[in-house]
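Work through the exercises below with the model in view. Try each task before reading its solution.

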Amino acid sequence: MRTKSLKTSVFTLALIGAGVAAQAETSWQMTTTWPNSLELIEMDKHFVELANKLTTGDLKIEFFEGGSLVPSGEVFGAVESGTIQAGGDWPGYWAGRDAAFSPLATTASLFNAVDYVNWIQQWGGKELYNEVYGKFGMVYLPYAVTNNESGFHTKEPIRSIADLQGKRLRLSGLEQGRLLNQLGGSQVSMAGGEIYQSLERGVIDGAEFSTPNVDWSGGFQQVTKYWATPGWHQSASVFGVMINKQAWDALSPETREKLEIAAEANLMWSLSFTERRANDAYKQFKEVNEITRMDDEALAQIQTMANSVIEQVACENPSSAKVYLSQLEYLQDYSNWRKASAPFNLGRDPNGPDIEKIRACASK
């Protein structure tokens with residue numbers, strides 16, 4: 001009887017253990033805004049790889065390239081509704097929903113990649129991402145950063161501000177579009193996958209998209225002769241994962257912490273990965289395209305105009321003003337050490353927007 005009772009108990013415990021294991025294992029679907037043909041997707045894939053290693057037995061993320069589950073422009077809505085649990089993105093694509101998404105994604109002649117990392121990790125940036133995405137029922141983990149974008153790939157050279165006059169240029173970003181218009185060009189919005197054919201057919205005069213390695217993967221060198229640097233329109237970019245709040249809350253605190261660790265590790269990895277890849281791609285472009293550069297006087301003029309546009313956009317939206325104010329307070333605070341550590345400092349202290357003007361707009 002005792003043997004039978006012991007066997008029964010062991011069998012019962014095994015069933016309970018199996019049930020607990022089954023309950024503990026969660027499966028998510030995650031997609032991104034990028035197709036496999038664009039190298040930006042490597043940052044999404046690397047995060048998923050890290051996350052799955054850290055959460056083995058608790059969470060399994062099944063990753064799908066952009067467009068395979070939902071169209072790229074619908075990833076936000078799919079995560080918001082819970083159709084999928086997670087989606088990789090560039091926040092600027094959602095600026096039509098809230099202008100604050102724009103500075104969460106990039107800035108015109110302001111932040112570099114190190115500034116974004118510092119601000120996100122130590123100066124309150126991460127909390128602002130979650131405040132803005134939280135309005136739409138999502139948690140956000142910033143997990144990738146790139147430094148300034150390439151600039152414009154064109155069929156005619158752009159060596160000065162005057163050369164922008166009348167140019168139809170593919171450009172993303174709210175502030176970026178207004179700035180380009182003030183410089184004499186016109187913004188044309190289109191998805192990354194449409195740029196190559198639009199350049200080839202002459203629908204647009206030129207285009208920006210991302211860092212040199214990503215632009216090379218897009219084949220822009222095949223349909224343009226010139227590349228205008230630097231990428232003053234997007235001095236750095238942030239990418240991350242949108243997570244449906246209910247899906248996030250269903251995870252254990254330990255699993256959520258592991259995802260945060262994976263995001264932080266990916267953030268630092270992405271900086272060195274993309275800079276190495278950008279460096280290699282620059283050398284490739286140099287062999288087939290003529291690379292031009294705006295002079296310092298032109299860049300100073302663009303900086304002044306960018307400041308004005310940022311002030312204007314910030315004062316149209318309290319949420320946007322709050323983000324910009326936080327970024328400018330970081331720049332102001334960090335400038336003490338950055339200046340003292342020159343010439344071995346990390347980046348520059350831009351002569352940026354009027355912080356008091358934006359502070360006044362943020363307090364309305």
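**Exercise 1: The disulfide**

A search of the whole structure turns up one disulfide (a pair of cysteine sulfur atoms within 2.5 Å). This is a predicted model, where local features need pLDDT of at least 70, side-chain atom pairs count only at pLDDT 80 or more, and totals for chains, interfaces and linings use all residues. Residues are numbered from 1 along each chain as its sequence is written, and side-chain values use heavy atoms, leaving out hydrogens and water.

Task: find which cysteines form the disulfide, and what parts the pair ties together.

Solution.
- Step 1. The partners are Cys 315 and Cys 361, with sulfur atoms 1.8 Å apart.
- Step 2. The link of Cys 315 and Cys 361 is right-handed, with 85° about the S-S bond.
- Step 3. Cys 315 sits in the loop between α12 (296–314) and α13, and Cys 361 in helix α14 (residues 355–362), so the pair ties together parts 46 residues apart in sequence. Helices (H or I, at least four residues) and strands (E, at least two) are DSSP runs, numbered from the N terminus.
- Step 4. Check burial: buried means under 20% relative accessible area, exposed over 50%, partly exposed in between (1.4 Å probe, protein chains only). Cys 361 is buried at 9%. Cys 315, at 33%, is partly exposed.

**Exercise 2: The sheet**

Task: give the strand order of the open sheet and say which strands stand at the edges.

Solution.
- Step 1. The five strands run in the order β2-β1-β3-β10-β4, with mixed pairing (two strands pair if DSSP finds at least two bridges between them).
- Step 2. β2 (59–63) and β4 (138–149) each have a single partner strand, so one side of each is left without a neighbour in the sheet.
- Step 3. Strand β3 (residues 86–89) pairs with strand β10 (residues 231–244) in the antiparallel sense, over four bridges. Ala 86 stands opposite Ile 243 in β10.

**Exercise 3: The largest core**

Task: locate the largest nonpolar core and say which helix gives the most to this core.

Solution.
- Step 1. A nonpolar core is a set of buried Ala, Val, Leu, Ile, Met, Phe, Trp, Tyr and Cys residues joined through side-chain atoms within 4.5 Å.
- Step 2. The largest has 43 residues; Trp 119, Tyr 129, Tyr 133 and Met 242 have the most contacts inside it.
- Step 3. Helix α13 (residues 318–340) gives the most, with eight residues.
- Step 4. Domain 1 (26–145 + 236–277) and domain 2 (152–234 + 289–333) both give residues to this core, so it lies between them. The domain bounds come from an automatic or database domain assignment.
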